[in-house]
Structures are given as structure tokens and as C-alpha cells.
Amino acid sequence: MGRLEDLVLHNACLTRHELGEALNRIASLDDEGTLRDKDLGRIAYAYQRMSWWQQVADLTHGREETVDGATALEIVRQRAQDLLINARPLTNGGLFALAMAESRRGGARAFLDATQNLADALTPPPARDAHPADGPATHAATPAVAESGASAREYRL
């Protein structure tokens with residue numbers, strides 16, 4: 001197991017711990033304790049964040065087909081991006097369904113933000129000998145430059 005896989009497990013454990021703390025708030029309520037909507041929101045958000053890290057851990061530790069940490073991270077980042085881009089807005093289902101959809105989007109966004117620097121570090125730099133593609137602007141400017149260059153040569157002869 002490499003350092004990246006250890007980092008994945010560490011983050012999965014951290015988010016699991018945060019979810020446990022959010023759930024303890026409910027478990028420790030006494031008879032006069034009040035459960036607020038922010039408590040439930042914190043639980044839903046922590047659960048969603050944990051689920052993204054758990055997906056990466058599942059990929060690196062054999063729940064699905066085992067892959068290396070970098071590949072697993074890219075696969076789950078792509079899933080999170082797909083959720084943010086392709087999720088359809090809920091038009092029915094009540095406030096609970098809307099709140100859960102929002103927490104799913106928030107968890108995906110938090111996972112993408114938390115892994116952005118790591119993903120950037122894992123992306124190979126572009127090749128040094130790669131040339132930018134010639135765009136239409138360079139093709140349009142080329143004949144004018146060639147004509148002016150040709151007339152300058154004629155005067156020199």
C-alpha cells in the first residue's frame with residue numbers, strides 16, 4: 001500500500017469521525033434537549049462527504065476492482081463532477097428530498113475542493129515539444145506577411 005492509499009484511508013477515517021460527532025449530538029440529547037435543523041444538516045453533509053472518500057477507499061482496497069490511489073481518486077472525482085454537472089433539479093419530493101439533494105451537491109463540491117491540489121499534482125505536465133495548434137488567426141495573417149516579405153525582397157534585388 002502506497003502513501004496515496006494511506007492518505008485516502010486517513011481522509012475516509014476523518015470524515016467518518018466527523019459524521020460520528022454529528023450523530024453524537026442526537027444520541028446525547030436529554031429530555032429537554034432540542035434538535036435543530038442545522039444539526040440534521042450537519043449530519044447529512046458529513047455523511048455525503050464521507051461517502052465520497054469511502055468510494056475512493058473501496059476502489060483502493062478491493063471492494064470493487066482494486067486500482068491504485070491516483071486512478072481511484074480520478075474515478076471518484078469524475079463521479080463527483082458528473083453529479084454536479086448532470087444532476088437534475090428536484091421538482092417534487094418535499095423539503096427533505098431537496099435538502100438531501102443539496103447535501104449531496106455540497107458533499108461532492110467539498111470532495112472536489114479537498115482533492116483539487118492532489119489531482120493537480122497527479123496530472124502529468126504537458127510535453128515540452130508540444131506545439132500549440134495553429135488557429136484560424138495565424139492562417140489569416142500568414143499570407144499578408146508573406147506578401148509584404150516578398151515585396152521587400154524584390155526591392156533588395
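Which helices each supply at least two residues of the lining of the largest pocket? In this predicted model, they are α2 and α4, the latter spanning residues 94-122. The volume of the largest pocket is about 230 Å³. Its lining consists of D37, L40, G41, I43, A44, Y47, F96, A99, M100, E102 and S103. The most is given by α2, with six residues. Sorted by class, the lining of the largest pocket holds seven nonpolar, two polar and two charged residues. Residues of the lining such as L40 and A44, or F96 and M100, can be read against the general geometry of a helix. An α-helix has 3.6 residues a turn, so residues three or four places apart point the same way.

Helix α2 covers residues 37-60, 24 residues in total. From its first C-alpha to its last it reaches 35 Å, close to the 34 Å expected at 1.5 Å a residue. After α2 comes G62, which has a positive phi, near 85°.

The packing of the helices was examined next. Two packed helices are described by the angle between their axes and the distance between the axes. For the two helices of the pocket, α2 and α4, the axes come within 8 Å and cross at roughly 50°. Angles from 35 to 65 degrees fall in the oblique class, and α2 and α4 are therefore oblique to each other. Their crossing is right-handed.

Helix α2 also packs against helix α1, which comprises residues 3-27. The axes of α1 and α2 come within 8 Å, with a crossing angle of roughly 155°. Because angles over 145 degrees count as roughly antiparallel, α1 is roughly antiparallel to α2. The contact of α1 with α2 contains 15 nonpolar, four polar and eight charged residues. In passing α2, helix α1 makes a left-handed crossing.

Helix α4 has a further partner in α3, which runs over residues 69-86. The axes of α3 and α4 come within 9 Å and cross at roughly 140°. Since only angles over 145 degrees count as roughly antiparallel, α3 and α4 are oblique to each other. The crossing in which α3 passes α4 is left-handed.

Taken by handedness, the crossing of α2 and α4 is right-handed, whereas α1 passes α2 in a left-handed crossing and α3 passes α4 in a left-handed one.

Note on methods:
Residues are numbered from 1 along each chain as its sequence is written. This is a predicted model: local features need pLDDT of at least 70, side-chain atom pairs count only at pLDDT 80 or more; totals for chains, interfaces and linings use all residues. Side-chain values use heavy atoms; hydrogens and water are left out. Helices (H or I, at least four residues) and strands (E, at least two) are DSSP runs, numbered from the N terminus. The expected span of a helix is 1.5 Å times one less than its number of residues. On a 1 Å grid over the protein atoms alone, a cavity is a set of points where a 1.4 Å probe fits but cannot get out, and a pocket is an open set with protein on both sides within 12 Å along at least five of seven lines; lining residues have an atom within 4 Å of a point. Grid points are joined across faces, edges and corners, and a volume is the space filled by probe spheres set on the points. Ala, Val, Leu, Ile, Met, Phe, Trp, Tyr, Cys and Pro count as nonpolar, Asp, Glu, Lys and Arg as charged, and the others, Gly among them, as polar. Axes are lines fitted to C-alpha atoms, for helices over the stretch in contact, and angles run from 0 to 180 degrees between N-to-C directions. Angles under 35 degrees count as roughly parallel, over 145 as roughly antiparallel, 65 to 115 as roughly perpendicular and the rest as oblique. A crossing is left-handed if the near helix is turned anticlockwise from the far one by less than a right angle, and right-handed if clockwise.
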